[in-house]
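Please look over the sequence and the structure together before reading on. The report that follows begins with one term and then moves from the whole chain to a few chosen places.

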Amino acid sequence: MSRRWQYILIAIGVIIAAGAIWFAWFTTTINSRVRARVVNALEQRFDADIQLKSVDVSLWPEAKVAGTGLVIRHRGWADRAPLIRIGRFMAETDWGALILGHNHVRRVELQGLKIHIPPRGASAFKETFSHGEEVESGEPGHDTTHLQFFIDTIQAEGTKLIIAPKVPGKSPLEFDIKNLTLHSVGPGKALKFVAELTNIKPPGLIDSIGYFGPWQKDDPRATPVSGKYTFKNANLGVFNGISGTLSSKGSYNGVLQHIETKGTTDVPNFALQGGDPVHLRTTFHAIVNGTNGDTLLEPVVAIFLHSKFICRGGVTNQPGRKGKTVSLQAKTQSARMEDILALVVGGKPFLKGAVNFQSRIVIPPGPEDMIDKLRLKGQFQVWSATFSDPKIKKKLIVLSDRARGISKGEQQKKKKLGTQRLILSHIRGRFQMAKGRASFSRLAFTVPGAAFRLHGAYNLKSGRIDMHGIFRMHATVSETQSGIKSWLLKPFNKLFEEGKAGFQAPIEVTGTKDNPVFGIDIFHHEITIQ
């Protein structure tokens with residue numbers, strides 16, 4: 001063998017030996033070196049202290065990195081709860097990423113992911129107000145720091161997002177994300193996500209697709225988020241006193257602490273306890289305050305049957321109460337009384353007519369039935385009102401005819417001739433409602449020739465009426481009668497006249513919604529209008 005070949009063989013041997021030494025070094029140190037790369041990348045991206053319990057790299061049949069116990073804590077924050085905690089992770093990459101230091105990762109699987117958003121950050125103190133309510137700033141952060149790795153896909157099951165309250169002592173907001181998939185996680189980019197969230201009340205799954213980021217390391221609440229969602233087949237029966245199956249879809253945009261959302265809801269079988277099911281549809285625009293979970297509604301437009309209501313207000317925490325309180329200002333100029341009665345009491349509506357309505361609506365938290373905890377305070381008008389019950393119609397015809405001086409005899413003639421006409425009423429007043437009982441003040445009820453000024457209460461559950469007030473009519477007391485009775489009553493006309501009214505006397509309305517009883521007090525004797 002020539003000397004030249006000897007040198008070649010020696011060189012080959014040296015290369016093989018060096019390669020073997022390098023390979024031995026590479027395989028024995030790869031875990032620590034990959035661990036150092038991961039820790040360094042996360043430290044820079046999140047300005048955080050990193051704990052990583054273990055890292056295990058496998059090269060065959062494909063390059064993979066597995067790890068456990070990853071904890072990320074932001075440096076210098078008073079809140080020492082981990083920003084991110086991951087129980088286990090597995091990353092699929094290639095030999096180039098491990099050998100040559102490339103930063104491309106094909107896929108990452110996460111188990112036990114918890115994200116904790118702390119109550120701090122620069123923009124968290126840029127507060128605005130809407131309808132007197134404090135609203136966190138929607139301004140996104142300007143952090144341009146980026147992750148050194150580019151990851152095609154991250155998949156996580158059983159993720160929990162926790163947003164700490166700004167006010168000490170309050171409960172944090174918690175979101176259970178059943179399935180989460182992130183795409184295109186890379187330098188300075190908003191990542192695309194697909195998520196399936198578990199909604200607690202009403203129970204159901206929310207499917208959402210959108211964009212998240214770039215992550216703001218010094219102010220996580222200012223991290224941008226946007227997307228669309230769908231929510232189907234949610235059972236409203238978990239709320240005492242109501243029922244129905246809700247579906248909703250919409251879009252959202254903003255930052256974690258200030259998310260504006262708009263969308264629609266559809267409940268084809270919405271019902272209050274005791275009422276009839278109605279098809280309820282809403283459109284809404286809302287602002288969600290990520291510091292406390294309060295939601296401002298501006299506005300919500302609700303439509304059912306032939307009625308439309310516009311509501312503004314919020315779903316907020318109230319001092320001294322656990323849970324959220326719904327507080328709204330509702331109004332309508334295009335509603336029907338029969339629609340409202342169908343929703344509230346059900347059955348054949350005893351009253352029909354156009355409604356002008358405005359009210360403050362408060363629904364406190366708690367296990368009570370909706371009709372018991374619903375609180376209302378407002379005013380209303382019912383135009384061209386008619387009663388559906390023939391008995392009530394008859395009573396109103398008698399009342400109106402007497403009030404206009406049409407005697408019983410003249411009324412019988414009109415009935416035979418078929419000239420009796422439908423009596424239209426006008427009702428207006430102020431009301432308050434609590435514990436299923438509506439109280440009325442300054443309630444005015446008019447029919448042609450007569451007017452009532454009443455106060456009292458109506459029980460929505462039993463249908464009982466208990467109203468008292470003053471009855472006035474145009475005719476004098478003698479004009480309500482005919483023949484000898486009319487002549488006998490003429491001396492008493494002056495006793496009952498009041499101003500321009502020909503007759504005024506105390507009255508009470510009792511009975512039920514289906515059978516009201518009108519009683520007038522004359523000389524301490526109650527006369528029932530039949």
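## A term to begin with

In this report a strand is a DSSP run of type E with at least two residues, a helix is a run of type H or I with at least four, and both are numbered from the N terminus. With that in mind, T325 can be placed in strand 19, which covers residues 324–336. The model discussed here is a predicted one, and the values below should be read with that in mind.

## The protein as a whole

The protein has 28 strands and 8 helices, and 46% of its 530 residues count as buried. About 28100 Å² of the protein is exposed, and carbon and sulfur atoms supply 59% of that area.

Contacts can also be sorted by how far apart the two residues lie along the chain. Among contacts between residues at least 6 apart in sequence, 53% join residues at least 24 apart.

## Two buried residues

Is T325 buried or exposed? Because its relative accessible area is 6%, and buried means under 20%, T325 counts as buried. When its neighbours within four places in sequence are left aside, T325 is in contact with G314, V315, T316 and Q318, and also with V362, I363, P364 and P365.

F193 belongs to strand 10, which runs over residues 191–199, and with a relative accessibility of 8% F193 is buried as well. Leaving aside the neighbours within four places in sequence, its contacts include L180, T181 and L182, the run S208, I209, G210, Y211 and F212, and also V225, S226 and Y252. For one of these partners, S208, a separation is available: the C-alpha atoms of F193 and S208 are 8.1 Å apart, although the two residues are 15 residues apart along the chain.

## Three strands side by side

Which strands pair with strand 22? Strand 21 (residues 375–387) pairs with strand 22 (residues 425–434) in the antiparallel sense, over 8 bridges, and within strand 22 it is F431 that stands opposite G378. Strand 22 also pairs with strand 23 (residues 437–447), again in the antiparallel sense and over 8 bridges, and here I427 has F445 in strand 23 as its bridge partner.

How many residues lie between strand 22 and strand 23 in their hairpin? There are 2 residues between these strands, and one residue in the turn, K435, has a positive phi of about 55 degrees.

Key:
Residues numbered from 1 in each chain as written. Predicted model: local features only at pLDDT ≥ 70, side-chain atom pairs only at ≥ 80, totals over all residues. Heavy atoms only, no water. Buried < 20%, exposed > 50% of the residue type's maximum accessible area, 1.4 Å probe, protein only. Contact = heavy atoms within 4.5 Å. Areas by Shrake-Rupley, 256 points an atom, 1.4 Å probe, with all protein chains shown as cover. Pairing = 2+ DSSP bridges.
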